[in-house]
Amino acid sequence: MNIRTAEYPRPDHFLLHLSDTHLLANGGRLYDRVDSTAHLAQLFAEVEASAGRPDAIIITGDLADKGEPDAYRALQGIVEPAAARLGARVFWVMGNHDDRASFRSTLLNEPASDEPIDRVDFIGGLRLITLDTSVPGHHYGAVTEAQLRWLADQLSVPAPDGTILAMHHPPVPSVLDLAVSVELRDQSRLAQVLRGTDVRSILAGHLHYSSMATFAGIPVSVASATCYTQDLNVPVGGTRGRDGARTFNLVHVFADTVLHSVVPLGEYPALDYIEATESARRLAADGIRIMPAGTLPAFRESPMTTPIRVLR
């Protein structure tokens, strides 16, 4: 039997990206009805049941709706035990609803401070930079000159597997007019720093709906919210939040690409189910193999022997 190698191997890195949890202290509910704590717990129950095992969990801001220390502790009580069971590291990102002092002292176990919370971490050879775009007292986003200099310095040396930049305010347009009032300002300065670097993807949140674009030639993936979402079928020019349609994102990092997948929260009637063992059996029967992580994609391993003639 001829064995065919799948075009892509297993990913080098697997990240779980969620955003805008908006937890309240003492089990409070958003709009007096949205139980953001229960929705977050449901998300991790579903991820664990899938048997997926991400390397890292990245939450891109608005972790606590009012920046309350007890809300951050409630967040830790859900996320950190789940992360331990999954074998994943957790990375927190500041949002416009968060409070820097409470965020730092509760989630990072550091002295309280109002300074921006910017960090660099490595997940194997993959560099993760978390950039604080919050502006205390406001809901729009901004990056200071000092932050831009720091970011440029970090990116001056490429990482072995490239860099993922995580931030709350996405550097993309919005289909909702009102979102302009809370967008990331002066984006051209950030673009100058990022263009030509090893940043492979930008992860963001803030919008409460999934969106994808490019910025400075870099793919941007905006995760929707785990609490409530924005209805993009609202009459043009309007804004309408809704208690439903929650999603989270899976991020698979390969040598040549970064794959972003949007996953709806909740269970729906199944039409078919093929177990992992049966999938493996069928692939083997068809003579197809998926190479392990760290292997070059098949199209890079096997150069073309017959040139393609371009028709003009």
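In the predicted model, the axes of helices α2 and α3 come within 9 Å and cross at roughly 40°. This angle makes α2 oblique to α3, since it falls neither under 35 degrees, the limit for a roughly parallel pair, nor in the range of 65 to 115 that counts as roughly perpendicular. The crossing of α2 past α3 is right-handed. On the α2 side the contact involves Pro69, Tyr72, Arg73, Leu75 and Gln76, and these residues meet Ser102, Phe103, Thr106 and Leu107 of α3. Sorted by class, the residues of the contact between α2 and α3 comprise 5 nonpolar, 3 polar and 1 charged.

Helix α2 also packs against α1. Here the angle is about 5° and the axes are 10 Å apart. The two helices are therefore roughly parallel. From α1, the residues Thr37, Leu40, Ala41, Phe44, Val47 and Glu48 take part, and from α2 their partners are Leu75, Ile78, Val79, Ala82, Arg85 and Leu86. This contact of α1 with α2 holds 9 nonpolar, 1 polar and 2 charged residues. Leu75 of α2 is thus listed in the contact with α1 and also in the contact with α3.

The three helices also contribute to a nonpolar core. The largest nonpolar core has 28 residues, and those touching the most other members are Leu18, Phe44, Ile57, Trp92 and Phe103. Two or more residues of this core come from each of β2 (13-18), α1 (36-49), β3 (56-60), α2 (69-86) and α3 (100-107). Among these elements α2 gives the most, with 8 residues. Phe44 illustrates how parts of the chain meet in this region: leaving aside residues up to four places away in sequence, Phe44 touches Leu16, Leu18, Ile57, Ile78, Val79, Ala82 and Leu86. Of these neighbours, Ile78, Val79, Ala82 and Leu86 also appear on the α2 side of the contact between α1 and α2. Apart from this core lies another, of 27 residues, which includes Leu151, Leu176, Ala191 and Tyr209.

A further helix pair is formed by α4 (residues 145-155) and α5 (residues 187-194), whose axes come within 9 Å and cross at roughly 15°. The angle makes α4 roughly parallel to α5. As with α2 and α3, the crossing of α4 past α5 is right-handed. The residues in contact are Glu145, Leu148, Leu151, Ala152 and Leu155 of α4, together with Arg189, Leu190, Val193 and Leu194 of α5. By class they are 7 nonpolar and 2 charged, with no polar residue. Leu151, listed in this contact, is also one of the members of the 27-residue core.

Two residues other than glycine stand out by their backbone angles. Most residues other than glycine have a negative phi. Asp20, in contrast, has a positive phi of about 50°. Asp20 is located in the loop between β2 and α1, and its relative accessible area of 0% is under the 20% limit, so Asp20 counts as buried. His208 is a second case, with a positive phi near 65°. The loop that holds His208 runs between β8 (199-204) and β9 (211-215). With a relative accessibility of 5%, His208 is likewise classed as buried.

The surroundings of Val222 were also examined. Val222 belongs to strand β10 (residues 218-222) and is buried, with a relative accessible area of 1%. Not counting residues up to four places away in sequence, Val222 touches Pro170, Val172, Ala204, Gly205, Leu207, Tyr209, Ser210, Ser211 and Asn249. Of these, Tyr209 is also a member of the 27-residue core. The C-alpha atoms of Val222 and Phe248 are 9.7 Å apart, at a separation of 26 residues in sequence.

Gly238 is placed in the loop between β11 (229-230) and β12 (241-242). Its relative accessibility is 24%, and Gly238 therefore counts as partly exposed. Between Gly238 and Leu176 the C-alpha to C-alpha distance is 7.0 Å, although 62 residues separate the two in sequence. Leu176 is itself among the members of the 27-residue core.

Terms used:
Residues are numbered from 1 along each chain as its sequence is written. This is a predicted model: local features need pLDDT of at least 70, side-chain atom pairs count only at pLDDT 80 or more; totals for chains, interfaces and linings use all residues. Side-chain values use heavy atoms; hydrogens and water are left out. A nonpolar core is a set of buried Ala, Val, Leu, Ile, Met, Phe, Trp, Tyr and Cys residues joined through side-chain atoms within 4.5 Å. Buried means under 20% relative accessible area, exposed over 50%, partly exposed in between (1.4 Å probe, protein chains only). Helices (H or I, at least four residues) and strands (E, at least two) are DSSP runs, numbered from the N terminus. Contact means heavy atoms within 4.5 Å. Axes are lines fitted to C-alpha atoms, for helices over the stretch in contact, and angles run from 0 to 180 degrees between N-to-C directions. Angles under 35 degrees count as roughly parallel, over 145 as roughly antiparallel, 65 to 115 as roughly perpendicular and the rest as oblique. A crossing is left-handed if the near helix is turned anticlockwise from the far one by less than a right angle, and right-handed if clockwise. Ala, Val, Leu, Ile, Met, Phe, Trp, Tyr, Cys and Pro count as nonpolar, Asp, Glu, Lys and Arg as charged, and the others, Gly among them, as polar.
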